[in-house]
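Reader: I'd like a close look at one part of this model, the place where the two chains meet. Could you walk me through it and tie it back to the folds on either side?

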Protein chains: 2
Amino acid sequence: MAGKVFFSVSMSLDGFSAPVSMDGLLATPERRKQDPRLDRWLAQWMELQAWIFPLRFFRENLHLGEGGEEGRANDIARETFERTGASVMGRRMFDLGERAWPENPPFHTPVFVLTHQQREPWERKGGTTFHFVNDGIHSALDQAREAAGDRDVRIAGGSETILQYLNAGLVDEFSIALSPVLLGAGTHLFDGVDASRVALEQIHSEPSPRATHLTYAVHPR
Amino acid sequence: MAGKVFFSVSMSLDGFSAPVSMDGLLATPERRKQDPRLDRWLAQWMELQAWIFPLRFFRENLHLGEGGEEGRANDIARETFERTGASVMGRRMFDLGERAWPENPPFHTPVFVLTHQQREPWERKGGTTFHFVNDGIHSALDQAREAAGDRDVRIAGGSETILQYLNAGLVDEFSIALSPVLLGAGTHLFDGVDASRVALEQIHSEPSPRATHLTYAVHPR
């Protein structure tokens, strides 16, 4: 049985899935001093993702050591990981991650990167191999489905990539961790959605202490 | 004991609390024929508010007759009404409502309208009286608090008025009925929020069949 195609992201109550820039994640102390916005953007990203960091699963998956919170949020994070047999990722998310992920990245499955760059597969510790796909979103999804077997394919991000798949009618369902924060600016997750083609069915909704976890099925209109 | 100041609105998953225009609500058949967008905008507004129309409370409050759904969504709609001792409203929402509400409007309390127009109070059937306030948002809120007694003051809308009160630090909490729909365009509820001053605390979150009902407390940053 073929798996589903889904995405799962954190979103602020005002609809942003990322701050204006992710540069704060990797900036040198010198650049931070020159541009104080970097710290603000980093703080916003931390707030957006705040529900994840304390979780036992998050620590375990990144080999940060024992401990961490259990409970529903932890179960949701673990289930999201466990259902994923392969991921598809945009070039910009990969470019950032290439510099930010540890040598044992958190995917532990094949990841198909949409890019114009020709590059041999890049194998990392812990079962993550990045494959570079040059012939479009359908090809990347086909390859990810094949690799995932009967598990699901996650469109990992960023939001531009997610929207490409959503507007093409290729997403079966998605989950949003709605964080109790207003960013005021940043990347609007659904900016550019083809609302005339995408209908949603609310299939699950539950709160955890730091977010509300929403799941929708996607139907054609 | 003084009541709280709150707002309660429906919002699409992509953050819109209204379609591009509300003109569809009152347009003549002739205008609809000339501008087919009117029907689309009206349909979007209906989708945004779809959780409300089937409720027993909605029918009862607008004197549409017996029947309607009970359950949590109905309880939430009824509780929102019952806690409200007075409302504050922007001029544009009033202008639309003046033409759209029935002669027994759904408020059944005093409503303070922010406007530059000088006008005597307008008393309607069923206990709704519109008072026209010319000296700003603080004055309107003071008058609404006074009228509400120990019940709460609702900032009824539209979103520009809601944002004025939110950014001024005058809102204690708010509720959002998050509708499972993507509009793609319209009025972004939080567009213009002063994110550097508004912090949120998620205090309640629960699904009903047609929406997820979120409640946040507002704190200064």
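Author: Here is a walk through the interface, followed by the sheets behind it.

Keep in mind that this is a predicted model. The size of an interface is often given as the accessible area lost when the parts come together. Here chain A and chain B bury about 2,300 Å² between them, and 61% of that is on carbon and sulfur atoms. Chain A puts 30 residues into the contact, and chain B puts in 30 residues as well. On the chain A side, the residues that lose the most area to chain B are A:Leu13, A:Leu182 and A:Gln202. Together they make up 29% of what that side buries.

Now for the polar part. Across the interface there are 10 residue pairs in polar contact, both residues being at pLDDT 80 or more. Which elements of chain A give two or more residues to the side that touches chain B? They are strand 8 (173-179), strand 10 (198-208) and strand 11 (211-220) of chain A. Strand 10 of chain A gives the most, with six residues. By residue type, the side of chain A that touches chain B splits into 20 nonpolar, six polar and four charged.

Next, the charged pairs. Side chains of opposite charge can pair when their charged atoms come close. The interface of chain A and chain B has two salt bridges, while the count over all chains comes to 34. B:Glu47 makes a salt bridge with A:Arg221, with 2.8 Å between the closest N and O atoms. There is also a salt bridge between the side chains of B:Arg221 and A:Glu47, at 2.9 Å from N to O. That pair crosses between chains, from B:Arg221 in the segment after strand 11 of chain B to A:Glu47 in helix 2 (residues 37-48) of chain A.

For a single residue to click on, try A:Pro180. You'll find A:Pro180 in the loop between strand 8 and strand 9 (187-188) of chain A. Leaving out residues up to four places away in sequence, A:Pro180 touches A:Arg210 and A:Ala211 in its own chain, plus B:Leu200, B:Gln202 and B:Tyr216 from chain B.

One of those partners, B:Leu200, leads into the chain B sheet. B:Leu200 stands opposite B:Val218 in strand 11 of chain B. Strand 10 and strand 11 (residues 211-220) of chain B pair in the antiparallel sense over 10 bridges. They belong to an open sheet of nine strands in chain B, ordered 5-6-4-3-7-1-8-11-10, with mixed pairing. Strand 5 (122-123) and strand 10 (198-208) of chain B are at the edges with a single partner strand each, so one side of each has no neighbour in the sheet. Helix 7 (residues 159-167) of chain B packs on the sheet, and the strands it touches include strand 10 and strand 11 of chain B. The direction of helix 7 makes about 135 degrees with that of strand 7 of chain B.

Over in chain A, nine strands form an open sheet in the order 5-6-4-3-7-1-8-11-10, again with mixed pairing. Strand 5 (122-123) and strand 10 of chain A are the edge strands, each pairing on one side only. Elsewhere in that sheet, strand 1 (residues 5-12) and strand 7 (residues 152-157) of chain A run parallel and are joined by two bridges. Helix 4 (residues 72-83) of chain A lies across several strands, among them strand 8, strand 10 and strand 11 of chain A. Helix 4 runs at about 80 degrees to strand 3 of chain A.

How values were computed: Residues numbered from 1 in each chain as written. Chains lettered and ligands numbered in written order. Predicted model: local features only at pLDDT ≥ 70, side-chain atom pairs only at ≥ 80, totals over all residues. Heavy atoms only, no water. Pairing = 2+ DSSP bridges. Helix = DSSP H or I, 4+ residues; strand = E, 2+ residues; numbered from the N terminus. Contact = heavy atoms within 4.5 Å. Axes fitted to C-alpha atoms, helices over the stretch in contact; angles between N-to-C directions. Buried area = accessible area lost by both parts, 1.4 Å probe. Salt bridge = Lys/Arg side-chain N within 4 Å of Asp/Glu carboxyl O. Polar contact = N/O pair within 3.5 Å; in protein donor to acceptor, adjacent residues only side chain to side chain. Nonpolar A, V, L, I, M, F, W, Y, C, P; charged D, E, K, R; others polar.
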